[in-house]
Amino acid sequence: MNDTLLIALYAFLGAAGTGLAGAAVLRVVRHRSLTVSMAVVAAVGVVAMLAGTLAVAWAMFLSPHDLTVVTTVVAMAAVVSLATAFLLGRWVVARSRELAVAARSFGDGGSFAAPSVPATAELESLSRELAATSARLAESRERERALETSRRELVAWISHDLRTPLAGLRAMSEALEDGVAADPDRYLRQIRTEVERLNDMVGDLFELSRIHAGTLPLSYARISLYDLVGDALAGADPLARELGVRLVGDRIEPVPVEVDGKEMSRVLGNLLVNAIRRTPADGTVAVAAERAPDGAVVLSVTDGCGGIPEEDLPRVFDTGWRGSHARTPPAGAGLGLAIVRGIVEAHRGRATVRNIPGGCRFEVTLPTAAS
């Protein structure tokens, strides 16, 4: 074996021993500061070179003078390497602490503001991820506040709407029991009306609870829009006649859709009843069903309510929203449009509303049935 190979072998053995010792030290200090780990890495590099040099000198390949020179050079390199590692470690640790302080702010309910001092590429990437997470948390908190507001309004309105008919039922039943009712038959008819109203309210609450729980059962069937809209118009016609509102069905295309007929009829029924009650006498409620340019199906109900304030448009489909501070019918419990959105989204569709001259237009977009 020539001298060059022997020198390489002795140098490798000396450096390898140092590397193994350094790995053991890194395992021991792995929970310490990054500065300590970087100092160990720098020290391992310098000591490995020194160990290789000593092994070569021990094998008589270096003179004492050459060994002194090399050892001095290695010592100076060790000082510079350790100082550089210490400064770099302190800088990275400082940047990570600034990032931790910034991250703590959005954990306490604030928003994340990335440190302005430049950091490493890894810390910059982490900062961007934290900023994105902060934005999602802010949106989630905003939705939670909106839902909590809707729940409070719903509880208040439902409590009022339940208490009013219950008080009437109690008064009428006491009058019948005491025999002081001037027209018992009228009282009985009124009691039945109030009971049906309460039953509808409880049914809406049950439907909404299933929608929110994601347990709404859907039985899909292929239905023509013409039949779906025709049945809904027939069901809403008595109420429209009673309130003097004209129902119009135009542009009803016989496009097939895969929907749950019962639930989708409820969607159209809720929209029509809402439109009829909000439209003044001699007004018109128009229903249309047509294919959109992107291939989807759009069902629309247009009323003459006079429009919805722009600030209220985003809340129209929220649970408990009624568009006014009224606490009496026909304001209802504010569940109808929330049920509409829940059923439509369960069908992988979307429900929207926009103002038009003289009223507003509710649109339900559904995917078409597969050919």
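**Exercise 1. Decide whether F362 is buried or exposed in this predicted model, and find its aromatic partner.**

Solution. Begin with the relative accessible area of F362, which is 4%. Buried means under 20% relative accessible area, so F362 is buried. Next, turn to the ring of F362, which forms an aromatic pair with F317, and note that the count of aromatic pairs comes to 1. A pair of aromatic rings is described by the distance of the centres and the angle of the planes. For F317 and F362 these values are 6.0 Å centre to centre and 85 degrees between the planes; since planes over 60 degrees apart count as edge-to-face, the pair of F317 and F362 is edge-to-face. Then apply the burial test to the partner: F317 has 6% relative accessibility and therefore counts as buried. Finally, place both residues along the chain: F317 lies in the loop between strand 5 and helix 8, whereas F362 belongs to strand 7 (residues 359-366), so the pair ties together parts that are 45 residues apart in sequence.

**Exercise 2. Name the residues with the most contacts inside the largest nonpolar core, and list what L272 touches.**

Solution. The largest nonpolar core has 50 residues, and inside this core L272 and F362 have the most contacts. Leaving out residues up to four places away in sequence, L272 touches A232, L233, A236, L247, V285, V287 and V301. A second core, separate from the largest one, has 6 residues, among them L99, A102, L123 and L130.

**Exercise 3. Work out in which sense strand 4 pairs with strand 2 and with strand 5.**

Solution. Take strand 2 (residues 246-252) to start with: this strand pairs with strand 4 (residues 284-291) in the parallel sense, over 5 bridges. Within this pairing, L247 has V285 of strand 4 as its bridge partner. Now move to strand 5 (residues 297-302), which pairs with strand 4 in the antiparallel sense over 6 bridges, and here E290 stands opposite V298 of strand 5. The hairpin of strand 4 and strand 5 has 5 residues between the strands, and in this hairpin G295 takes a positive phi near 95 degrees.

**Exercise 4. Compare the surroundings of H347 and L26: which elements hold them, and is each buried or partly exposed?**

Solution. H347 is found in the loop between helix 8 (336-346) and strand 6 (350-356). Its relative accessible area is 2%, so H347 is buried. Apart from residues up to four places away in sequence, H347 touches L218, Y220, E258, V259, D260, E263, M264, L366 and P367. L26, in turn, sits in helix 1 (residues 3-28), and with a relative accessible area of 29% L26 is partly exposed. Beyond its neighbours within four places in sequence, L26 is in contact with S37, V40 and V41, and its C-alpha atom is separated by 9.4 Å from that of M38, 12 residues apart along the chain.

**Exercise 5. Find where UniProt places the feature "transmembrane region", and describe residues 67-88.**

Solution. The unreviewed UniProt entry places this feature at residues 6-26, 38-61 and 67-88. Over residues 67-88 the chain is 100% helix and 0% strand, with the end C-alpha atoms 31 Å apart.

**Exercise 6. Judge how far the predicted coordinates can be read, using pLDDT.**

Solution. The protein chain has an average pLDDT of 79, and 88% of the residues score at least 70. Over residues 325-331, however, the pLDDT is below 50, although this stretch has 9 contacts in the model beyond near neighbours in sequence. Where pLDDT is low, the predicted coordinates should not be read in detail.

How values were computed:
Residues numbered from 1 in each chain as written. Predicted model: local features only at pLDDT ≥ 70, side-chain atom pairs only at ≥ 80, totals over all residues. Heavy atoms only, no water. Core = buried A, V, L, I, M, F, W, Y, C linked by side-chain atoms within 4.5 Å. Buried < 20%, exposed > 50% of the residue type's maximum accessible area, 1.4 Å probe, protein only. Contact = heavy atoms within 4.5 Å. Helix = DSSP H or I, 4+ residues; strand = E, 2+ residues; numbered from the N terminus. UniProt positions renumbered as here; feature names shortened; annotations may be inferred. Pairing = 2+ DSSP bridges. pLDDT = per-residue confidence, 0-100. Phe/Tyr/Trp six-rings, centres within 6.5 Å; stacked < 30°, edge-to-face > 60°.
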